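Here are some worked exercises to try with a protein model on your screen. Have a go at each task before you read its solution.

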Amino acid sequence: MTTTKAFKLVSGIALTAALGMSPALAGPGPDEDQLVINEDIEIVTEAAAPAHMEYVDTIYSGWRFREDDTQVMQMDDFDNPAMIYVDKAIDAWNTVEGAEEKSCASCHGDPESLRGLRAELPKWNADKGEVYTAEMYVNDCRTERMGAEAWGWNGQDMRNMTALISSVSRGLPVNVAIDGPAQETWEKGKEIYYTRFGQLELSCANCHEDNYGNMIRADHLSQGQINGFPTYRLKDANIVSMHNRFRGCIRDTRAETFSVGSPEFVALELYVASRGNGLSVEGPSVRN
């Protein structure tokens, strides 16, 4: 047995004991269903893993790990509860705010003008000298161009707007750059991904790399891909941001978590997003 396989076996056993997983380490894996939205937008839910991933050969959208009744909700915008929040964001997009008396539409025209942006986020912002997420771009527009107040990172208005930004890029391949000036942040995110946190001493990789496909209590573990975020979580009855989900995962290890919008979570977002390079943007998605 190789060192890597032995490590994964030990990690799987530890996770089984800590979180009440099924004793069998071999899980059912992703299903074979294919995602087409509105009978028009073809979504790539399976692709060869990016070259920088060391232990996974094939990547899968979280949609492939969901039950049929959850999957079908995402296949038509009329059935997708997240689209209610996209409609609210369209209203906000056209609303004049701030000292400059501008709306998003004043500069950008239709939301479709941002098609492609979600596919490459987070990315290096040369003007600011740091990696930028969708939330950071939104607030820059509000404060620097509109003269309006910044939105809270995890506020409803912000989640609505990032859902709109994602929706206009559905079907495009995720293509997040990790070289050049973004590499240092990416390396930091990778370190966080493989660091064990909390009393349970679990890392992101223990669940989403070593044990995807297994059952954790009543849930089917996915690879933790974020190409579908923001996502409508049925348990929350609302759309959820990436950083809020990161926070929940770390909290589940019984650890002190980072804050939404923190440099640590920006770095983690960059790294995890890059693990989905080759999948399609599909947010706002529907998950458990």
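Let's start with a rule: a salt bridge is counted when a side-chain nitrogen of Lys or Arg lies within 4 Å of a carboxyl oxygen of Asp or Glu. One thing to keep in mind throughout is that this is a predicted model.

**Exercise 1: salt bridges**

Find out how many salt bridges the rule gives, then look at the partners of Lys190 and Arg66.

Step 1. Applying the rule, you should arrive at a count of 12 salt bridges.

Step 2. Go to Lys190, which pairs with Glu54; their closest N and O atoms are 3.2 Å apart. This pair ties together distant parts of the chain, as Lys190 sits in helix α7 and Glu54 in the loop between β3 and β4, 136 residues apart.

Step 3. Now try Arg66. Its salt bridge is with Asp219, and here the closest N and O atoms are 2.8 Å apart. Again distant parts of the chain are linked: Arg66 belongs to the loop between β4 and α2, Asp219 to strand β8, and 153 residues separate them.

**Exercise 2: two helices that meet**

Work out how α7 and α10 are oriented to each other, and which residues make the contact.

Step 1. Locate helix α7 at residues 183-193 and helix α10 at residues 263-274. Their axes are 7 Å apart, and the packing angle is about 90°.

Step 2. Angles of 65 to 115 degrees count as roughly perpendicular, so that's the word for α7 and α10.

Step 3. Pick out the contact residues. On the α7 side they include Trp186, Lys190 and Tyr193, while α10 brings in Leu268, Tyr271 and Val272, among others.

Step 4. Sort the contact residues by class, and you get 9 nonpolar, 3 polar and 3 charged.

**Exercise 3: the pockets**

Describe the largest pocket and the second largest pocket, and say which element gives the largest share of each lining.

Step 1. The largest pocket has a volume of about 1200 Å³. Its lining takes in 45 residues, and those nearest the centre are His208, Arg233, Arg245, Cys249 and Asp252.

Step 2. Helix α9 gives the largest share of that lining, with 9 residues. By class, the lining splits into 18 nonpolar, 15 polar and 12 charged residues.

Step 3. Move on to the second largest pocket, at about 380 Å³. It has 20 lining residues, with His108, Tyr137, Val138, Cys141 and Arg145 nearest its centre.

Step 4. Here α5 gives the largest share, 8 residues. The classes come out as 12 nonpolar, 2 polar and 6 charged.

**Exercise 4: the cavities**

How many cavities of 30 Å³ or more does the whole structure have, and what lines them?

Step 1. The search turns up 2 cavities.

Step 2. The largest cavity has a volume of about 100 Å³. Among its 13 lining residues, Arg118, Ala134, Thr162, Pro230 and Met242 are the closest to the centre. Helix α6 gives the largest share of this lining, 3 residues.

Step 3. The second largest cavity comes to about 40 Å³. Its lining is made of Lys102, Ser103, Cys104, Cys107, His108, Cys141, Arg145 and Met146. The element that gives the most here is α4, with 3 residues.

Step 4. Finish with the classes for this second cavity: 4 nonpolar, 2 polar and 2 charged.

Key: Residues are numbered from 1 along each chain as its sequence is written. This is a predicted model: local features need pLDDT of at least 70, side-chain atom pairs count only at pLDDT 80 or more; totals for chains, interfaces and linings use all residues. Side-chain values use heavy atoms; hydrogens and water are left out. Axes are lines fitted to C-alpha atoms, for helices over the stretch in contact, and angles run from 0 to 180 degrees between N-to-C directions. Helices (H or I, at least four residues) and strands (E, at least two) are DSSP runs, numbered from the N terminus. Angles under 35 degrees count as roughly parallel, over 145 as roughly antiparallel, 65 to 115 as roughly perpendicular and the rest as oblique. Contact means heavy atoms within 4.5 Å. Ala, Val, Leu, Ile, Met, Phe, Trp, Tyr, Cys and Pro count as nonpolar, Asp, Glu, Lys and Arg as charged, and the others, Gly among them, as polar. On a 1 Å grid over the protein atoms alone, a cavity is a set of points where a 1.4 Å probe fits but cannot get out, and a pocket is an open set with protein on both sides within 12 Å along at least five of seven lines; lining residues have an atom within 4 Å of a point. Grid points are joined across faces, edges and corners, and a volume is the space filled by probe spheres set on the points.
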